[in-house]
Amino acid sequence: MVTLYLPIVKFILSLHLQMSKPQLGHLFTLGQGIILCAGRKNITQIQHAAKGDRHLSSTTNFLNHSPWCVNRMQRRRMERIIKRISAKAGDTCAPVFLIVDDTCCTKDKSTRKMEGLSFQYAHEAGKTVWCHCLVTTHVVAAEGSYAWDYRPYYSEKYCQAQRLPFKSKNDLALEMVEAFPIPTNERVYVLMDSWYTSEKVVNACNRKGFHVIAAVKTNRRIRPAGISLPLDDFAQQYIRKSDLHSVMVEDQGRYWVYPYEGPVSDIENVKLLLSWKDEYTASSKPQVCLLCTDLSLDLVTIQRYYHVRWNIETGYRYFKELLGFDHYQLLSLQGIERFWAIQFLTQNFLECQRQEWMKQTPNLTLGDVVRRIREEHFGQMIVYVYQQALEKKPLFDILKLLRLSA
């Protein structure tokens, strides 16, 4: 019989999740089904793709009500990834990047019974959508790119109705930064867009010994020569092309950069890069403003490190288009949050598998890994059917075991 994909079984078992045998069976089925399922990935389609032999109600009960601890799953998964990063890094001095951002899981406006939904502004859509919003972190280290942690963001109105303490997106980001374990002898850089570049988040990073490289809005105030004025006013009134450095960043092109060192709003003693891409025009606002708390980095390195932040954007795309991160149709928040945790576990498994296969085949993507697993699974089915045919098993029995119709 075509069995579960052995590497994902080994990966889950190595986490020692203290689940019962039936619970592990559900977890194996969901993990494999998320990978094998093409197209829409609700629980029905995921279970069908994995050829699960349990009733659908049993799977939804596993997500909604079964007594297992999602925090333990998160903790054990993170411990496994940190050990992998530390072991692979060895004696190298390559930094660890912790990336902070948020994403929306959009739902149809007619969806009303699903818990936790609210109208939120989605940057990718450029408008307000009916959705669940998550603040997430992503880790890039030792050539690996791992989805790390998440916190659901609920509107203040929803929190008041449910009698929950309201936490802003910055509060949630701060929680995940403070919870991030410090890898042994590793430099950690926290990468953020301008939404999260607040004094309290930067100070939290400083307390942990982390450096920050983040975008800032051009209305932030700086104090060159003790005079306080907004960044955009300073750029338009005082910067000329002769003041700029021409910087070529690998795979990104040329930037015209003006470096400033000093306070930015309430954040003290940072290096700030005002950047124009490709061409500079007189009296124009900078297209990108980057803040860096590591004063030892040069202009090219700051630009290159910040470009690593793109990993979380591609990660969201893989999550949604490849793994169906926002395809769920569960109603309870507990079930939805458990589904997200299983998605994070699945992404980490795929990334670990990608690292292993890249020893033989370089430049693989997560999409390549998923396609290869699907091809291997299909090959297993062909071999199984061939073996059954040699044994002269009735076609109806083969189709029934594979849960296929003629």
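How many aromatic pairs does the structure hold? There are 21 of them in this model, which is a predicted one. The protein has 406 residues, and buried residues make up 53% of them. Here is a friendly tour, starting with the aromatic rings and moving on to pockets, a cavity and two loop residues.

**Overall build**

- The secondary structure comes to 14 helices and twelve strands.
- Measuring along the principal axes, the C-alpha trace spans about 85 × 55 × 40 Å.
- Among the contacts with a separation of 6 or more, 63% are between residues 24 or more positions apart.

**Aromatic rings**

- One pair to look at joins tyrosine 150 and phenylalanine 344, whose ring centres are 5.2 Å apart. Their planes stand at 50 degrees, which lies between the limits of 30 and 60 degrees, so the pair is tilted.
- This pair links distant parts of the chain: tyrosine 150 belongs to strand β4 (residues 144-153) and phenylalanine 344 to helix α12 (residues 333-357), with the two positions 194 residues apart.
- Tyrosine 150 and phenylalanine 344 are both buried.
- The two residues also belong to one aromatic cluster, together with Phe319, Phe325, Tyr328, Phe339 and Trp340.

**Charges over rings**

- Arginine 112 places its charged end over the ring of tryptophan 130, at 4.7 Å from the ring centre.
- Lysine 241 has its charged end over the ring of tryptophan 256, 4.7 Å from the centre of that ring.

**The largest pocket**

- This pocket holds about 600 Å³ of space.
- Its lining counts 27 residues, and those nearest the centre are Tyr150, Arg151, Pro152, Glu175 and Glu337. Tyr150 is thus a name you have already met, as a member of the aromatic cluster.
- Two or more lining residues come from each of α5 (70-89), β4, α6, α7 and α12.
- Helix α5 provides the largest share of this lining, with seven residues.
- By class, the lining of the largest pocket has 18 nonpolar, two polar and seven charged residues.

**The second largest pocket**

- About 470 Å³ of space is found in the second largest pocket.
- It is lined by 22 residues, with Glu143, Gly144, Ser145, Asn311 and Arg354 closest to the centre.
- The elements β3 (127-141), β4, α11 (310-322) and α12 each supply at least two residues of this lining.
- The largest share comes from α11, which gives five residues.
- The lining of the second largest pocket divides into eleven nonpolar, eight polar and three charged residues.

**An enclosed cavity**

- The structure holds one cavity of 30 Å³ or more, and the largest cavity has about 40 Å³ of space.
- Thr136, Thr137, His138, Ala147, Ile312, Gly315, Tyr316, Phe319 and Phe344 line the largest cavity. Phe319 and Phe344 in this list are also members of the aromatic cluster.
- At least two lining residues come from each of β3 and α11.
- Helix α11 gives the most to the lining of the largest cavity, with four residues.
- Five of the lining residues are nonpolar and four are polar, with no charged residues.
- As for how such spaces are found, rolling a probe the size of a water molecule over the atoms shows where empty space is left.

**Two loop residues with positive phi**

- Arginine 163 has a phi near 55 degrees, a positive value in a residue other than glycine.
- Arginine 163 is placed in the loop between α6 (156-162) and α7 (169-179).
- With a relative accessible area of 80%, arginine 163 is over the 50% cut-off, so this residue counts as exposed.
- Asparagine 363 is another residue other than glycine with a positive phi, in this case near 65 degrees.
- The loop between α12 and α13 (366-390) is where asparagine 363 is found.
- Asparagine 363 has 67% relative accessibility, over the 50% cut-off, and therefore counts as exposed.

Definitions and conventions: Residues are numbered from 1 along each chain as its sequence is written. This is a predicted model: local features need pLDDT of at least 70, side-chain atom pairs count only at pLDDT 80 or more; totals for chains, interfaces and linings use all residues. Side-chain values use heavy atoms; hydrogens and water are left out. Rings of Phe, Tyr and Trp (its six-membered ring) pair if their centres lie within 6.5 Å; planes under 30 degrees apart count as stacked, over 60 as edge-to-face and the rest as tilted. Buried means under 20% relative accessible area, exposed over 50%, partly exposed in between (1.4 Å probe, protein chains only). A charge sits over a ring if NZ of Lys or CZ of Arg is within 6 Å of the ring centre and within 35 degrees of the ring normal. On a 1 Å grid over the protein atoms alone, a cavity is a set of points where a 1.4 Å probe fits but cannot get out, and a pocket is an open set with protein on both sides within 12 Å along at least five of seven lines; lining residues have an atom within 4 Å of a point. Grid points are joined across faces, edges and corners, and a volume is the space filled by probe spheres set on the points. Ala, Val, Leu, Ile, Met, Phe, Trp, Tyr, Cys and Pro count as nonpolar, Asp, Glu, Lys and Arg as charged, and the others, Gly among them, as polar. Contact means heavy atoms within 4.5 Å.
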